[in-house]
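Dear colleague,

I am passing on a structure for you to look at, and my notes on it follow directly below. Please read them with the coordinates open beside you.

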Amino acid sequence: MSEVPGRDSEAEDGTTGSAESDSDVERRHLPVLLDRTVRLFEPVLSARPGVVLDATLGMGGHAEALLRSFPETTVVGVDRDPEALELARRRLEPYSRRVRLVHDVADRVPEILAEQGLSGLDGILFDLGVSSLQLDEAERGFSYSRDAPLDMRMDSTAGTTAADVLNTYSRGELTRILREYGEEKFASRIAARIVRERDREPFVTSARLVRLVYDSVPAASRRSGGHPAKRAFQALRIEVNGELEVLRRALPAGIDSLNGGGRIVVMSYHSLEDRIVKRTFAERAKSRTPLDLPVELPGHGPELRVLTRGAEFADEQEVAANPRASSVRLRAAERIQEGV
């Protein structure tokens, strides 16, 4: 296995890069802000039977806690990663009568509900970003800390790979992706080198890209902020999976699918995601009645009541036990019932 320059001891979300069995991965995959998530759903799920859509099921840690805590709750678990769905299926087997697993993307909430014969939801959960499972499998190409094929697809059965992006996008497109999705100051310089190098030989595996990014960033800038390839890999992953576009569509669709009093909980792991969540919640929590009118117009009132004061973070104890929690930002809101 190839070494890469300046290799960090941890991958993008704080997980280490060693190969593990399915059972090892499940033991080490600790759901972030688990107790807080359960408490946020408790008012709507403890009193009556309910349906929660876990829009980013992963290996099912949050779903398991909700099923265990609320015996009359059904969870519809959605994930685009077939392997994650299989691991979640095994984990949730004790609750199989209250679980429905769906291989799909989070922005297709209305279609998923229609296919499941459901008219609305009492809760919807998003735990965004790349999972420990995906980082730990070298052949998926998500981690910059090991040499692997440049894939990065969350659904490995379809779509464009990271290698396709590197080898076919224009210099301008690569610059935009690196700057917008990776918040990379040296995006133009890196993009120019990618185009120059791919003319010599197409990009296939990650070590070559890591070396290129490392050499493109000035030495002074490599001394802080972690490995410089981290930003480039984040940008490519977001582009390959259309993560921000999916989130922009999925949040409104999820909110619209909530029953009155239903709740939405979103955990994001970088500022780009959190900004979308914050803006969406703020827009839906505002009245659309003109300011000069003395009464609320029917159908123009706020649709959401925000439950969190700003973003919530994991405490020091959780971060020490689960490094992935160090960057989490949690926001939650409740669908306002009409006439209330």
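**Cores, a helix and two loops**

In the largest nonpolar core, which has 65 residues, the members that touch the most others are Leu53, Phe126, Leu150, Leu209 and Ile264; such a core is a set of buried Ala, Val, Leu, Ile, Met, Phe, Trp, Tyr and Cys residues joined through side-chain atoms within 4.5 Å, where buried means under 20% relative accessible area, exposed over 50% and partly exposed in between (1.4 Å probe, protein chains only). Because domain 1 (22-127 + 243-335) and domain 2 (138-241) both give residues to this core, it lies between them, with the domain bounds coming from an automatic or database domain assignment. Another core, of 20 residues, lies apart from it and includes Phe41, Val44, Ala325 and Val328.

This is a predicted model, in which local features need pLDDT of at least 70 and side-chain atom pairs count only at pLDDT 80 or more, while totals for chains, interfaces and linings use all residues. Residues are numbered from 1 along each chain as its sequence is written, and side-chain values use heavy atoms, with hydrogens and water left out.

Two residues that are not glycines have a positive phi of about 50°, namely Leu33 and Glu183. Leu33, in the loop between α1 (22-28) and α2 (34-45), is buried at a relative accessible area of 8%, whereas Glu183, in the loop between α8 (171-182) and α9 (187-200), is partly exposed at 42%; helices are DSSP runs (H or I, at least four residues), numbered from the N terminus.

With kind regards

Methods. Helices (H or I, at least four residues) and strands (E, at least two) are DSSP runs, numbered from the N terminus.
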